[in-house]
Structures are given as C-alpha cells and as structure tokens.
Amino acid sequence: MITEHLTQASYLLAATLFILSLRWLSHPSTARRGVAAGVAGMAAAIVGTLLHPGLGYGWIAAAMVVGTVIGVPLSMVPLTAVPQRTALSHAFGGLAAALVGTAEYYLGLSGGNELTPFRTGALAAEVILGGLTFTGSLMAAGKLQEIVPTRPITYRGQNVINLGLLAVAVASAVYLVMHPELSVLFLVILVLSLVFGVLLIIPIGGADMPTVISLLNSYAGLSAVAMGFVLDNKVLIVAGALDGSSGLILSIIMCKAMNRSFTNVLFGAFGQVQAAGAAGEAKTAKSGTPRDAADLLENAGSVVIVPGYGMAVAQAQHRVREIYDQLSKRGIDVKFAIHPVAGRMPGHMNVLLAEAELPYDALVEMDDINHDLPQTDVVLVVGANDVVNPAARHDKASPIYGMPIIDADKAKACIAIKRSMNPGFAGIENELYYADNTLMVFGDAKGVLGDVVKELSGESGGIH
Ligand code: NAP
C-alpha cells in the first residue's frame, strides 16, 4: 500500500516536472533548466514504475542494457543529423506502444485483464497509432538520411487508397470492441497500421520531413496516452498528452513559418519539381575576399548576422562569435536575425549560437528585426539561402512564394558566405546573390570567417 502511494507521488512529481520542463524550454535563458527538469521528471517516473510490486527486474535490466547500447551512440550524432535521430526515437516509442498493446491484448484473451469495450478500444487506438508511428518514423528517418528516395513517390488514387486503408483499420477496431475475441481482427489492425505508416510518408518529399517528424511526434504522444489508459498509468497519460499537443503545436508553427498548410504538407508532394533558375540568363555575382568583407564590416555602424544551415554544416558558430566580439569591441552594433525555419530543425540556430555563448539579447526573431534592416549598414549572411530569398516575396511561381523571409536585400550592403552558387534546401536560385549591393565570399563558412577574424584582429600579417 505504501509503495502504491510512493508510486503515485513520483508520478505526480514527474508530471509536474514535465510541465515545468516544457515551460522552461520555451526560452533560451531557461532552456538548460528545462532539460534538467525533463530528465528529473523521467527519473521520477522510472523510479515510481520500478516500485510496482511483482515486476520482472531481470527483464527490465536486460531491456535497459539494450536501450543503452542503442541510445548512447544515437546521442552522439552531429547536430545536423538530429532530425533523423529524433525520427528514430519516435519509431522506438511507436514500436513500444504497439508491442505493449499486442502483449496486453493477448494477455486479455488468455484470461488476464478483462477486455472491456473501453480497454479494447484503447488497445486498438494504441496499436494503430503506435504501428503507423513506427513505420512512418522509420521511413522519415530513411528519407532524411537519404537511404530511401527523398523525392515524393506518388501514384493515381494514392490519397483514396491511404484513407481507405485507415478506414478499414478503424472499422476493424470498432468491430473488435464489440467482439474482442476475434483475434484475427487485431492482426488486421496491426498489419494495416504498419502498412499505413509507410504509405503515409512515401508521397511526402524530403523537404517536408522535419514538419512530418514533428507530426509523428504528436502521434507517438497520442499512442502513449492510449497506452496509459490500457495500463491505467496516469503519468503516461499526462506525458503522452503533453507530447501529443506540443508536437502538433510545433508542426503548426513550422507550417506557418514556411507558409504551408497541413494538407499541403501531407498531400502536396512538395519538392517534386524544383528546377533551379531560368536557362539562358547570364547573371553574374560580385565576389570578394575575406579582406573585402572585413573592410565592409569594420566601416559599418550596424551589422546584422543571418545564420543558416551552412553555418551548422561548417560548425562555424564559434567563428561567428569571434566576429561578434571583434565588431562589438569597435562599438559596432551587432545583432543576429533568427528565422524560425533556418537550418533543418526548429531552434537549430538558437542551439548553435547558445553553444558559442552569444548573449541571448543579441538574437532577434525575424518579425522583430525586419523593420530595422533598411537602416542596417551590413547584413552578413552565413550559409543561409532560402530564408533570405526575396523570391518568396514576389515570385508567385516560386515554391517558397509566401514564406516569410529575413529582408537581407533591403540592407545598405550584404555579404553572403557560402561555398558556391548552388541552391539551398528548396532547390532554387537566390537573386540576393546577384544584387548590386551583395558581395559573395566563397568558401567553407568556418574557413572564411576565420580569415575575416584574422583580418579584423590584424593577425593576417597583411597578406590579402
Ligand atoms: P538552405 O536554404 O538550405 O541553404 C543553406 C546554404 O548553406 C546552401 O545554399 C549551401 O550553399 C550553404 N552551405 C552548406 N554548407 C556550407 C558550408 N560548409 N559553408 C558555407 N556554406 C555552406 O538553408 P536556410 O537558409 O537555413 O533555410 C532552411 C531551409 O530548410 C528552408 O527552405 C526551410 O523551409 C527548410 N526547412 C527547415 C526546417 C526547420 O525546422 N529549420 C524544417 C523544414 C524545412 P553551398 O552549397 O553553395 O555552400
């Protein structure tokens, strides 16, 4: 009895810590505390669970060893691979829910917990959501890692087939609730949900995967809620609901930042045809050296740095910090313009800049900085492309038309650092690079910024 009270108290503590964790994670200055609260909450939930009498501790220890062996290497992937790593975590979450659901169903059939209509309904929901999250997340991870084709695979009647399949699974679930002894129906639900997960993802292009992963996060959360009802475990219900709703909110934020609708992401097959640039147009971009960039920066009164995916690839955040220090030392006002979908996952730029210990108040959201850009002397674009592409404002034929962008082209001068004239994520040319007031500095962002820092600090020895 006393252990039961302790378990419930740990669950209450865990649920409170999860809620605080989400609250604190929503701001960079409290994010570390948020992570610590999440970890402490999970520890409390595990301890509470281990207090249950009659557990097979040997099995649990074996599962923890397997989980650690898989989890530790997964935690070491580079930051640019975090979206696919996250997708794999969701896949495991979905698999766990589907397996627990299957075990509970067969236990119920063989005289365990009675398969009441409520329990059977929750079991079916758990298995459908868990199954589709498992295979869907594996597909999403495969697309992001480019081990399965990233382009959308479409065929005639695809949406009808997909929705039809889901309808059959749901109808089978309803029938199973009325006749829980029909185990063949359970198998039908399980198989259909696994197939549905694959079919749901194949028509979606690699470009939309981060949004879809966030949605799958939401499904994994909902399957945990259903599992919580099946196991009568309150912390699973609370944590699953938090997971489900935050995943959904994040997907909505991402869709808004890219000016896409949910249906467009799920059924739009974005990324199918993105031919870059009109053929025959001979445009030239003005290119310069790190010395030229240093001159422009040194003579500016205000500088706005726009980081993008290229900064993440080059791991150039510490060089960016050095530029910030050099310019601030000269009394130049330096700010960072943060686009909500710069990089490959939400908050990507914030995480990298926080790692370089840049002050949080120097990081300004896109909507708050855009009106300052026409008065800004120099915008320094570090490996960003789509998020500063003016075509999003005026070119109705562009796949990114309508996406809010950082108005780098409106500044008095712009310096863009990237390795080539290759397009970014959306696969389209960027007119910013050809503008009269833009100076391209070609090279790896880390190397170029390192050279600019040397010029600014006088360490270059005058070799230009
Ligand atoms: P981007 O449009 O993908 O462009 C990144 C640029 O970085 C490329 O043009 C590339 O040019 C350059 N680059 C790559 N490696 C580099 C290196 N080592 N050094 C210097 N430059 C390098 O990136 P973005 O402007 O950040 O835009 C993000 C895109 O991702 C948007 O289209 C957004 O919709 C999409 N997206 C983001 C999220 C999210 O959550 N953040 C989610 C879904 C989709 P070179 O090859 O010439 O160097």
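Here is a walk through this structure, starting at the ligand and moving out to the salt bridges. Keep in mind that the model is predicted.

Let's begin with where the ligand is. It sits in the second largest pocket, with 30 residues surrounding it. If you want to zoom in on the closest of these, pick out Asn385, Asp386, Arg419, Ser420 and Asp444. What's the make-up of the shell around the ligand? Its residues split into 16 nonpolar, nine polar and five charged. Looking for the element that gives the most to this shell, you land on helix 12, residues 309-314, which supplies four residues.

Now for some individual contacts. Arg344 brings a polar side-chain atom to 2.9 Å from an oxygen atom of the ligand. The backbone joins in as well: a polar backbone atom of Gly383 is 3.1 Å from a ligand oxygen, and for Val387 a polar backbone atom lies 3.3 Å from an oxygen atom of the ligand. And how much of the ligand does the protein bury? Taken alone, the ligand exposes 910 Å², and the protein buries 97% of that.

Stepping back from the ligand, a search of the whole structure turns up twelve salt bridges. One of them pairs Glu455 with Arg291, and the closest N and O atoms there are 2.8 Å apart. Trace the two partners and you'll find Glu455 in helix 17 (residues 445-457) and Arg291 in helix 11 (residues 290-298), so this salt bridge ties together parts that are 164 residues apart in sequence.

Note on methods. Residues are numbered from 1 along each chain as its sequence is written. This is a predicted model: local features need pLDDT of at least 70, side-chain atom pairs count only at pLDDT 80 or more; totals for chains, interfaces and linings use all residues. Side-chain values use heavy atoms; hydrogens and water are left out. A residue is near a molecule or strand if one of its heavy atoms lies within 4 Å of it. A polar contact is a pair of N or O atoms within 3.5 Å; within protein, one must be able to donate a hydrogen and the other to accept it, and residues adjacent in sequence count only if both atoms are side-chain atoms. Accessible areas come from the Shrake-Rupley method with a 1.4 Å probe; for residues, only the protein chains shown count as cover. On a 1 Å grid over the protein atoms alone, a cavity is a set of points where a 1.4 Å probe fits but cannot get out, and a pocket is an open set with protein on both sides within 12 Å along at least five of seven lines; lining residues have an atom within 4 Å of a point. A molecule sits in a cavity or pocket if more than half of its atoms lie within 2 Å of its grid points. Helices (H or I, at least four residues) and strands (E, at least two) are DSSP runs, numbered from the N terminus. Ala, Val, Leu, Ile, Met, Phe, Trp, Tyr, Cys and Pro count as nonpolar, Asp, Glu, Lys and Arg as charged, and the others, Gly among them, as polar. A salt bridge is a side-chain nitrogen of Lys or Arg within 4 Å of a carboxyl oxygen of Asp or Glu.
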